[in-house]
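Here is a short set of exercises to work through with the model open beside you. Try each task before you read its solution.

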Amino acid sequence: MGSETPVRLPVIDFSKPDLKPGSPDWDLVRAEVRQALEEFGCFEAKFDKVPVEIRKGIFSALEELFNLPLETKLRNRSKKPFHGYVGQYPHVPLYESMGIDDANIIENVNSLSNNLWPQGNQSFSKTIQSFSEKLSELDETIRRMVLESFGLEKYMDEHMNSTNYLLRVMKYKGPQTSDTKLGLNAHTDKNIVTILFQNQVEGLEVQTKDGQWINVKPSPDSFIAMIGDSLYAWTNGRLYSAYHRVMMTGNAARYSAGLFSIPKGGYIIKAPEELVDEEHPLLFKPFDHVEFLGFYYTEAGQRDQSALKTYCGV
């Protein structure tokens with residue numbers, strides 16, 4: 001008996017030279033994005049607008065950041081859940097992360113680096129800002145393609161202006177064993193779109209619609225794009241928000257950086273009427289993303305496998 005070919009995420013090339021709205025390349029890639037997000041909720045993106053020196057530099061910057069003393073890292077504070085320093089959790093001892101709001105704007109990154117290093121850190125700031133700025137272009141392209149694919153161009157400006165960016169940088173310590181250990185619990189993202197870049201230490205796993213966990217092994221130069229619950233709700237369930245987790249083995253540390261497009265507080269997420277019909281009845285009542293997070297990060301919300309449905313399901 002032959003062995004089955006392992007399931008792999010779709011690979012979509014955003015590096016085509018003529019990838020402009022209205023071009024044949026644009027229409028082709030748009031169709032691939034829609035199909036991938038319907039079937040998997042995520043895909044591997046080839047995207048060459050992040051220069052090689054920035055792709056290499058991001059991991060040097062993360063090592064430098066996470067090597068800071070704990071008391072220094074704790075200065076990365078935020079009133080928003082999971083926007084500041086996160087670590088020292090007994091149930092995920094390998095994991096720590098830090099957040100930078102609107103990291104595509106240099107003043108915001110400088111504010112963090114001036115807080116963490118006595119003389120600031122211009123090299124760190126420039127690398128983080130350039131990385132975030134380039135990835136925000138990919139985020140905008142994906143979201144434009146999604147709205148176009150549903151014929152919802154009239155909502156484009158409102159949708160694109162409804163979000164801010166968060167760059168979340170993460171370190172997973174190697175468990176120092178050949179046994180597999182939990183790096184981060186299985187979860188769906190709660191935002192609009194997440195774009196992940198990782199070093200070559202594997203660990204990311206994505207759950208398919210039929211419940212199968214697949215190992216994600218992106219090439220060194222590609223990114224993983226996935227949608228979160230907010231875009232899942234906005235499209236009235238037409239796209240798939242995938243559960244994913246990190247499982248670690250071996251000695252090497254895994255570093256990753258994720259750019260998250262996040263609905264602004266006060267913005268109400270509501271499925272367009274064009275996406276609601278007899279075949280696709282409304283799944284969720286309109287909701288404020290920030291207020292939903294307030295529920296999600298309660299003890300009950302953390303235990304709930306369908307927190308969004310519990311919070312605002314029809």
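**Exercise 1.** Find the residue that stands opposite Glu 96 in E4, and then work out the sheet around the pair.

*Solution.*
- Step 1. Glu 96 faces Lys 171 in E4. Strands (E, at least two residues) and helices (H or I, at least four) are DSSP runs, numbered from the N terminus.
- Step 2. E3 and E4 run antiparallel and are joined by seven bridges. Two strands count as paired if DSSP finds at least two bridges between them.
- Step 3. Now widen the view: an open sheet of seven strands, with mixed pairing, follows the order E1-E2-E9-E6-E11-E4-E3. Its edge strands are E1 (11-13) and E3, and each of them pairs on one side only.
- Step 4. On average, neighbouring strands of this sheet are turned by 25° against each other, direction ignored.
- Step 5. Helix H2 (residues 52-66) lies across E3, E4, E6, E9 and E11 (254-263), at about 100° to E11. Such angles run from 0 to 180 degrees between N-to-C directions, with axes taken as lines fitted to C-alpha atoms, for helices over the stretch in contact.

Two notes on the model before you go on. This is a predicted model, in which local features need pLDDT of at least 70 and side-chain atom pairs count only at pLDDT 80 or more, while totals for chains, interfaces and linings use all residues. Residues are numbered from 1 along each chain as its sequence is written, and side-chain values use heavy atoms, with hydrogens and water left out.

**Exercise 2.** Decide why strand E9 (residues 222-227) is described as largely enclosed by the rest of the structure.

*Solution.*
- Step 1. Check the burial: six of the six residues of E9 are buried, so the strand is largely enclosed. Buried means under 20% relative accessible area, exposed over 50%, and partly exposed in between (1.4 Å probe, protein chains only).
- Step 2. Recall the general pattern: in a regular strand, side chains alternate between the two faces of the sheet.
- Step 3. Apply it here: Ser 222, Ile 224 and Met 226 are buried on one side, and Phe 223, Ala 225 and Ile 227 are buried on the other.
- Step 4. Look at the pairing. E2 (residues 42-46) runs antiparallel to E9 with five bridges, and Phe 43 has Ala 225 as its bridge partner.
- Step 5. E6 (residues 193-198) is also antiparallel to E9, with four bridges; there Val 193 stands opposite Ile 227.

**Exercise 3.** Which residues does Leu 135 touch, leaving aside its neighbours within four places in sequence?

*Solution.*
- Step 1. Locate Leu 135 in helix H5. Its relative accessible area is 0%, so Leu 135 is buried.
- Step 2. List the contacts (heavy atoms within 4.5 Å): Phe 47, Val 50, Ile 195, Phe 223 and Leu 259.
- Step 3. Add a distance: the C-alpha atoms of Leu 135 and Phe 260 are separated by 9.7 Å, though the two residues are 125 apart along the chain.

**Exercise 4.** Classify the packing of helix H1 (residues 24-39) against helix H5 (residues 122-149).

*Solution.*
- Step 1. The axes are 9 Å apart and make an angle of about 85°.
- Step 2. H1 is therefore roughly perpendicular to H5. The classes are under 35 degrees for roughly parallel, over 145 for roughly antiparallel, 65 to 115 for roughly perpendicular, and oblique for the rest.
- Step 3. In H1, the residues that meet H5 are Trp 26, Val 29, Arg 30, Val 33, Arg 34 and Leu 37. Their counterparts in H5 are Thr 141, Ile 142, Arg 144, Met 145, Val 146, Glu 148 and Ser 149.
- Step 4. The residues of this contact divide into seven nonpolar, two polar and four charged. Ala, Val, Leu, Ile, Met, Phe, Trp, Tyr, Cys and Pro count as nonpolar, Asp, Glu, Lys and Arg as charged, and the others, Gly among them, as polar.

**Exercise 5.** Compare Asp 102 with Gln 176: is each buried or exposed?

*Solution.*
- Step 1. Most residues other than glycine have a negative phi.
- Step 2. Asp 102 has a positive phi of about 45° and lies in the loop between E3 (95-101) and helix H4 (106-116). At 18% relative accessibility, Asp 102 is buried.
- Step 3. Gln 176 has a positive phi of about 60° and sits in the loop between E4 (163-172) and E5. At 53% relative accessibility, Gln 176 is exposed.
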